[in-house]
Amino acid sequence: MNDNSLTLSAIAALLHTQRLGHCGHILSRTDSTNTQIKQRFCEQPEGFILLAEEQTSGRGRQGRTFVSPAGGLYLSLLLHPDLPFEKLSLLTPLAAVAVCQAVEQLCGLCPQIKWVNDVFLGNRKVCGILTESAFGQFAEKPDYSVVGIGVNLNLDRTAHPELAEIAGALADENILLPTRAQLAAAILNAFEPWYDQLLAGNGHELVQAYRSRLNCLHKPITVVSGDVTYPAICTGLTDEGNLIVTDEHGQQSVLCSGEIRIRLE
């Protein structure tokens, strides 16, 4: 597992999917693969993938940046999901579960998920996910959705000291690293069966798989909503992937992912 060259043919040779990953494009350097799909490739068929060797303006939730130096896996997947609006929120948990399964399979590690879109090894983030959807006027279902996945295989903390305490990489675990092609294919292979279930109207097993990997369940957290923060205990997860929390006054509430995030204590 030492040839880390990234080609579409290397990915395709490892795919077991029917639709995902069989056509795509690789950029040597770009601002953001999600941005480029929306600007240039949104008319491509479902399953189109766009990858980049390096991103200069990788994006996360709520306008945050995702540092994307050369050597990581930066992949955006184009979907045309026949899903109602309330089910689209499950695409991010689906991607998180797929990443976890791929890392488990290839590396023998047990990653966990920080609600809603980060994959952790120990107390460090190794993967971020950003899902975006575009709707026509009065449309109840999206014209397309883009699922962006960024995984750190290596991380030079001297080059990015601001990330030294929070970001991790697969290489931190002293394992034989998979190639980026192997990791991309494993993610897509794990993604498609869950996606097919979701399209068929069955998201229960997906939510169960997501819930089982959450690193915040039954633990103290800080909820951040705009300028408001408050302590709470994470007590559960709804069938839509929303977090159930109980604050210090015993008041229970359900958190939707839009403008809310949590910090682990």
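Is the crossing of helix 4 and helix 5 left-handed or right-handed? It is right-handed. I'll come back to that pair. One caution before the tour: this is a predicted model.

Start with the sheet. Seven strands make an open sheet, and the pairing is mixed. The order is 1-2-3-7-6-5-4. Strand 1, residues 24–27, and strand 4, residues 112–114, are the edges; each of them pairs on one side only. From one strand to the next, the twist averages 20°.

Now strand 3, residues 73–79. On one side, strand 3 pairs with strand 2 in the antiparallel sense, over four bridges. Leu50 has Ser76 as its bridge partner there. Strand 3 also runs antiparallel to strand 7, and seven bridges join those two. In that pairing Leu79 stands opposite Ser145 of strand 7.

How many residues of strand 3 are buried? Seven of the seven, so the strand is largely enclosed by the rest of the structure. In a regular strand, side chains alternate between the two faces of the sheet. Look at the side chains here. Leu73, Leu75, Leu77 and Leu79 point one way. Tyr74, Ser76 and Leu78 point the other way. All of them are buried.

Next along is strand 7, residues 144–151, with strand 6, residues 124–134. These two are antiparallel, over eight bridges. Leu130 has Gly148 of strand 7 as its bridge partner.

What packs on this sheet? Helix 5, residues 180–199, does, and it touches strand 2, strand 3 and strand 7. The direction of helix 5 makes about 30° with that of strand 3. Helix 2, residues 33–41, lies across strands 1, 2, 3, 6 and 7. Helix 2 runs at about 35° to strand 3.

Back to the opening pair. Helix 4 and helix 5 pack at about 135°, with axes 8 Å apart. That angle makes helix 4 oblique to helix 5. Helix 4 brings eleven residues you can pick out on screen, including Leu94, Val97, Ala98 and Leu106. From helix 5, the contact residues include Ala186, Ile187, Phe191, Trp194 and Leu198. By class, the contact has 17 nonpolar residues, three polar and no charged.

Helix 4, residues 91–107, has a second partner in helix 6, residues 204–213. Their axes come within 9 Å and cross at roughly 65°. This crossing is left-handed. On helix 4 the contact takes in Pro93, Cys100 and Glu104, among others. On helix 6 the residues are Leu206, Ala209, Tyr210 and Arg213. By class, that is eight nonpolar, one polar and two charged.

Two smaller items. First, a hairpin. Strand 10, residues 243–247, pairs antiparallel with strand 11, residues 252–255, over four bridges. Ile244 stands opposite Val254. Four residues sit between the strands, and Gly250 takes a positive phi near 85°.

Second, the N-terminal end. Ser5 lies in the segment before helix 1, which covers 8–12. Is Ser5 buried or partly exposed? Partly exposed, with a relative accessible area of 39%. Ser5 and Arg180 are 175 residues apart in sequence. In space, their C-alpha atoms are 7.4 Å apart.

To close, go back to helix 4. Its crossing with helix 5 is right-handed, whereas its crossing with helix 6 is left-handed.

Methods. Residues numbered from 1 in each chain as written. Predicted model: local features only at pLDDT ≥ 70, side-chain atom pairs only at ≥ 80, totals over all residues. Heavy atoms only, no water. Pairing = 2+ DSSP bridges. Axes fitted to C-alpha atoms, helices over the stretch in contact; angles between N-to-C directions. Contact = heavy atoms within 4.5 Å. Left-handed = near helix turned anticlockwise from the far one by under 90°. Nonpolar A, V, L, I, M, F, W, Y, C, P; charged D, E, K, R; others polar. Parallel < 35°, antiparallel > 145°, perpendicular 65-115°, else oblique. Buried < 20%, exposed > 50% of the residue type's maximum accessible area, 1.4 Å probe, protein only.
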